[in-house]
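User: Please take a close look at one part of this model for me. I want the nonpolar side of its surface.

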Amino acid sequence: MNELTRMDEMSLTGAALRGAPWGAAAISGGAIAVTSFLMGVVLPGPADLTWALCSGITLFALVAGIGAISKPDQGDRVTRQARNWALTHPWRFAMFLGLGAAALMYPVQFVVDGEGFFGAAWDAMWGGLMVLLVTAFITHSMRGRARRS
């Protein structure tokens, strides 16, 4: 029985994200959110705060996820092994990033946009799915960085 449970996969994803560039992710996510909102204020049409915040959350999750696995040989032994696991299992790694992004987008959709319970969940699910797909494809293209051990 060498199969991993969902809890094991979540632990490996968390370990792989341990050395993520959180500062760069926060700056890039915040910058895209502010830029998106200001463009809505300056350009014709209404400024959409929900769109700006969800765009920032999306970029935050992408930069953190891709940045964490971009250098699989750095960090302690556990972090290196978790990053190698993430590179060899890109869809499982990306699933938890997508769920995290959807969990962050849900209150934005529910509170800021004023959508109902199910409408906010629907929109957050689509945002999380986009994070999952982009992260999985980029991680899949980086599979060659994983060390065969």
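How much area does the protein expose, and what share of it do carbon and sulfur atoms supply? Then zoom in: which residues make the nonpolar surface patch?

Analyst: This is a predicted model, where local features need pLDDT of at least 70, side-chain atom pairs count only at pLDDT 80 or more, and totals for chains, interfaces and linings use all residues. Residues are numbered from 1 along each chain as its sequence is written, and side-chain values use heavy atoms, without hydrogens or water.

The protein exposes about 8600 Å². Carbon and sulfur atoms supply 69% of that area. Areas come from the Shrake-Rupley method with a 1.4 Å probe, and for residues only the protein chains shown count as cover.

Now the patch. L49, L53, F110, V111, V112, F117 and F118 make a nonpolar patch of about 690 Å². Patch residues have over 30% relative accessible area and no salt bridge (Lys or Arg side-chain nitrogen within 4 Å of an Asp or Glu carboxyl oxygen). Nonpolar side chains (Val, Leu, Ile, Met, Phe, Trp, Tyr) are joined within 5 Å.

Three helices, α3 (49-69), α5 (90-112) and α6 (117-141), each give at least two residues. The largest share, three residues, is from α5. Helices are DSSP runs of H or I, at least four residues, numbered from the N terminus.

Take F117, in helix α6. F117 counts as exposed because its relative accessible area is 53%, and exposed means over 50% (buried is under 20%, partly exposed in between).

As for the setting, the protein has six helices and zero strands. Of its 149 residues, 38% count as buried.

Technical notes: Patch = residues over 30% accessible without salt bridge, like charges linked within 9 Å, V, L, I, M, F, W, Y side chains within 5 Å. Buried < 20%, exposed > 50% of the residue type's maximum accessible area, 1.4 Å probe, protein only.
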